[in-house]
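I set out to record, entry by entry, what I looked up in this structure. The notes begin with burial and then turn to packing.

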Amino acid sequence: MKPVDAKEVPAQPAGKDAPEPPGSPFVARAVVLHLDGKTEAALTELERALQGKAGLSSAQLAEIHSAAGYLHFERGEYEKSADSYEKVLDADPEYPSADYNRALCLEALGRWEPAAAAFEKVLAREPTRAE
């Protein structure tokens, strides 16, 4: 299984006064790079965003770390992916899918007991979850 995508960003009104979706434009550039087959460049873009993290909100930090976790998982870098999802949860403990994605990382690392506990936490919070 692969991690599920980060939470959807609700549609925003257009115009100069429209609020920017969390993590944008960093996440948007990383997505374009990733879709263009440039995963390393996408990760570099996300790391660049985090260098100035003092100006980022918790929502932006969570989204950037979630995107990094997804890319690391896709590359088979499960430890880095798990670390990214931990940072998501540090920034936003209620971030959708972060606990589930972290559990997938722990499972991929062969850490069965922590993975099972993480999956149980997800099921307790979301008993109808389909994955």
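**Entry 1. Burial in H5.** I took a residue as buried when its relative accessible area is under 20%. The model I consulted is predicted. I looked up helix H5, residues 98-108, and found that 9 of its 11 residues are buried, so I noted the helix as mostly covered. The buried residues of H5 are Ala98, Asp99, Tyr100, Asn101, Arg102, Ala103, Leu104, Cys105 and Leu106. I then asked which helices the buried residues of H5 pack against. They pack against H3, H4 and helix H6, which spans 112-125. Just after H5, I noted that Gly110 has a positive phi of about 80 degrees.

**Entry 2. Arg102.** Within H5 I singled out Arg102, one of the buried residues of that helix. Setting aside neighbours within four places in sequence, I listed the contacts of Arg102 as Tyr85, Glu86, Leu89 and Ala118. For Arg102 and Ala118, the C-alpha to C-alpha separation is 7.5 Å, and the two residues are 16 residues apart in sequence.

**Entry 3. The chain as a whole.** I checked the secondary structure and recorded 6 helices and 0 strands. Along the sequence the pattern reads α-α-α-α-α-α. Of the chain's 131 residues, 40% count as buried. I also looked up the contacts between residues at least 6 apart in sequence, and 51% of these join residues at least 24 apart.

**Entry 4. H3 against H4.** Two packed helices are described by the angle between their axes and the distance between the axes. For H3 (residues 58-74) and H4 (residues 78-91), I recorded an angle of about 165 degrees and axes 8 Å apart. How are H3 and H4 oriented to each other, roughly parallel or roughly antiparallel? Angles over 145 degrees count as roughly antiparallel, and H3 and H4 are therefore roughly antiparallel to each other. Their crossing is left-handed. On the H3 side, I noted Ser58, Leu61, Ala62, His65, Ser66, Ala68, Gly69, Tyr70, His72 and Phe73 in the contact. On the H4 side, the contact is made by Tyr78, Lys80, Ser81, Ser84, Tyr85, Lys87, Val88 and Ala91. By class, I entered 9 nonpolar, 7 polar and 2 charged residues for this contact.

**Entry 5. An aromatic pair.** I found a count of 2 aromatic pairs. For one of them, Phe73 and Tyr78, the ring centres are 5.0 Å apart and the planes stand at 65 degrees, so the pair is edge-to-face. Which of the two residues is buried and which is partly exposed? Phe73 is buried, with a relative accessible area of 8%, whereas Tyr78 is partly exposed at 28%.

**Entry 6. Ala67.** I looked up Ala67, which lies in H3. Ala67 is buried, with a relative accessible area of 18%. The C-alpha atoms of Ala67 and Val31 are separated by 8.4 Å, although these residues are 36 residues apart along the chain.

**Entry 7. H1 against H2.** I turned last to H1 (residues 26-35) and H2 (residues 39-51), which pack at an angle of about 170 degrees with their axes 7 Å apart. That makes H1 roughly antiparallel to H2. H1 contributes Phe26, Val27, Arg29, Ala30, Leu33 and His34 to the contact. H2 contributes Thr39, Ala41, Ala42, Glu45, Leu46, Arg48 and Ala49. I divided the residues of this contact into 8 nonpolar, 2 polar and 3 charged.

Notes: Residues numbered from 1 in each chain as written. Predicted model: local features only at pLDDT ≥ 70, side-chain atom pairs only at ≥ 80, totals over all residues. Heavy atoms only, no water. Axes fitted to C-alpha atoms, helices over the stretch in contact; angles between N-to-C directions. Helix = DSSP H or I, 4+ residues; strand = E, 2+ residues; numbered from the N terminus. Parallel < 35°, antiparallel > 145°, perpendicular 65-115°, else oblique. Left-handed = near helix turned anticlockwise from the far one by under 90°. Contact = heavy atoms within 4.5 Å. Nonpolar A, V, L, I, M, F, W, Y, C, P; charged D, E, K, R; others polar. Buried < 20%, exposed > 50% of the residue type's maximum accessible area, 1.4 Å probe, protein only. Phe/Tyr/Trp six-rings, centres within 6.5 Å; stacked < 30°, edge-to-face > 60°.
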